[in-house]
Amino acid sequence: MYKTFRPLIYLLTPEQAHHTTIYMLSLAGWFPPATALVRAMYRARKQGPEVDCMGLRFPNPVGMAAGYDKDGLGWRGLAALGFGHIEVGTVTPKAQPGNPKPRVFRLVEDEAVINRMGFPNNGADFLAKKIARGRGNGFVMGVNIGKNKVTPNEKALDDYLILIRKFFPLADYLAINVSSPNTPGLRELQSRKALTDLLGPLSAEVTAACEATGRNVPLVVKLAPDLTDEELDDALDVVTNTGIDGVIISNTTVKRPKLHSHMANEIGGLSGKPLKSLNTEMIRKVVARTGGNLPVIASGGIITPQDAQEKIDAGASLVQVYTGLIYTGPELVKDILNFGLKLK
Ligand SMILES: Cc1cc2nc3c(=O)[nH]c(=O)nc-3n(C[C@H](O)[C@H](O)[C@H](O)COP(=O)(O)O)c2cc1C
């Protein structure tokens, strides 16, 4: 059905289309008959397979990647589509407008997107209200956190601590974003020294909160696909030494692997099909370097169920989609579940 409407959706700018779909998802989530209809339309024939990962039980391996529901407006509708986990955010402590528009570009010929959004969002208080009733609804709620653009890297820890304290009670897991290419300097936080100074205190904060509350809230970090092998080794050392529970591989790339669209040279992070192999390669490296002992959540170029299986075969425990939804539509979740992913 999505394929029928796709030409109409493409008449809108990518951001208009995004706001429209989030609005529809939020309506579908709030109006119970509409929720039931969406659930019925998108119910997969196969449920599961359930995944036990980082001490959490995921009803299935397929998640909504960060950046789609930045402000927690559409999680009810997304849950009705069948996602096993939904990662809201990236949220920053204070609301910020993001970069000037246009800042999202559809590369249709390449089944790709370039975005330079720069974390536009309504801030932590807004998201906290929107997801206050999110946990415990049959899916795993992740909250992806980032620093405000105006916060210098030396003060980044303060921003992440504010967000961890705010969202620990509301999240099933927390994801630290140090890999968006669209916040100046953010990716420098992935260097050995900066990452140690950041992840050490954040991990200690979450561990203390887990002990105090008796809850298990895993902390994961999302890495860039553009790290050199040496930088990746450094980052993984820090991740394991600081007791981080898992990694999301990966964010968007600033590389431009052979693209056909005239918009290929837009500045920003590239996602979708051209990211797929780079991403799978990175997953393989992470699994090899950590002996398969560090949970990996795959995010990069999943457009078909076979792409999702490729990530699992490479060693990922869970998969996330974003750009695939723009090209295949919401039935992508159902298609992947019906395909029947074979876990390792
Ligand atoms: C328009 C857009 C906005 C995004 N915003 C965020 C974000 O706020 N935080 C984040 O961690 N990733 C963000 N991402 C990256 C996605 O979560 C995902 O990691 C990336 O797009 C690769 O997956 P894909 O190829 O399935 O899209 C964004 C991606 C797109 C296309």
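**Figure 1. Backbone at E111 in the predicted model.** E111 counts as partly exposed, at 25% relative accessibility. This value falls between the limits of under 20% for buried and over 50% for exposed. The residue is placed in the loop between β5 and β6. Phi of E111 is near 50°, which is a positive value in a residue other than glycine.

**Figure 2. Backbone at M54, in the loop between β1 and β2 (56-58).** M54 is not a glycine, yet its phi is positive, at about 55°. M54 has a relative accessible area of 14% and is therefore buried, the limit for that class being under 20%. E111, by comparison, is partly exposed.

**Figure 3. Two cis peptide bonds, G48 to P49 and K101 to P102.** The bond from G48 to P49 has omega near 0°. P49 belongs to the loop that runs between α3 (32-42) and β1 (51-53). For the bond from K101 to P102, omega is likewise near 0°. P102 is found in the loop between β4 (85-91) and β5 (104-107).

**Figure 4. Strand β8 (residues 173-177) and its burial.** Five of the five residues of β8 are buried, so the strand is largely enclosed by the rest of the structure. In a regular strand, side chains alternate between the two faces of the sheet. On one side of β8 are Y173, A175 and N177, and on the other are L174 and I176. Both faces are covered, since each of these residues is buried.

**Figure 5. Pairing of β8 with β7 and with β9.** Strand β7 (residues 140-145) pairs with β8 in the parallel sense, over four bridges. In this pairing, V143 stands opposite L174 of β8. The chain passes from β7 through helix α6 (residues 156-167) to β8, making a right-handed β-α-β crossover. β8 also pairs with strand β9 (residues 219-223), again in the parallel sense and over four bridges. Here I176 is opposite V221 in β9. β8 and β9, together with helix α7 (residues 192-213), form a β-α-β unit that is right-handed.

**Figure 6. The shell of 22 residues around the ligand.** The closest residues are A66, T90, S299, G301 and T323. By class, the shell contains six nonpolar, 14 polar and two charged residues. Two strands, β6 (112-115) and β11 (269-272), each supply at least two residues of this shell.

**Figure 7. Side-chain contacts to ligand oxygen, including one from T323.** An N or O atom in the side chain of T323 lies 2.6 Å from an oxygen atom of the ligand. For the side chain of S299, the distance from such an atom to a ligand oxygen is 2.7 Å. S299 and T323 are also among the closest residues to the ligand. The side chain of N177 has an N or O atom 3.1 Å from a ligand oxygen. On its own the ligand has 600 Å² of accessible area, and the protein covers 97% of it. N177 links this view to that of β8, where this residue is buried on one side of the strand with Y173 and A175.

Methods
Residues numbered from 1 in each chain as written. Predicted model: local features only at pLDDT ≥ 70, side-chain atom pairs only at ≥ 80, totals over all residues. Heavy atoms only, no water. Near = heavy atom within 4 Å. Polar contact = N/O pair within 3.5 Å; in protein donor to acceptor, adjacent residues only side chain to side chain. Areas by Shrake-Rupley, 256 points an atom, 1.4 Å probe, with all protein chains shown as cover. Nonpolar A, V, L, I, M, F, W, Y, C, P; charged D, E, K, R; others polar. Buried < 20%, exposed > 50% of the residue type's maximum accessible area, 1.4 Å probe, protein only. Pairing = 2+ DSSP bridges. Right-handed = clockwise from strand over helix to strand, strands pointing away.
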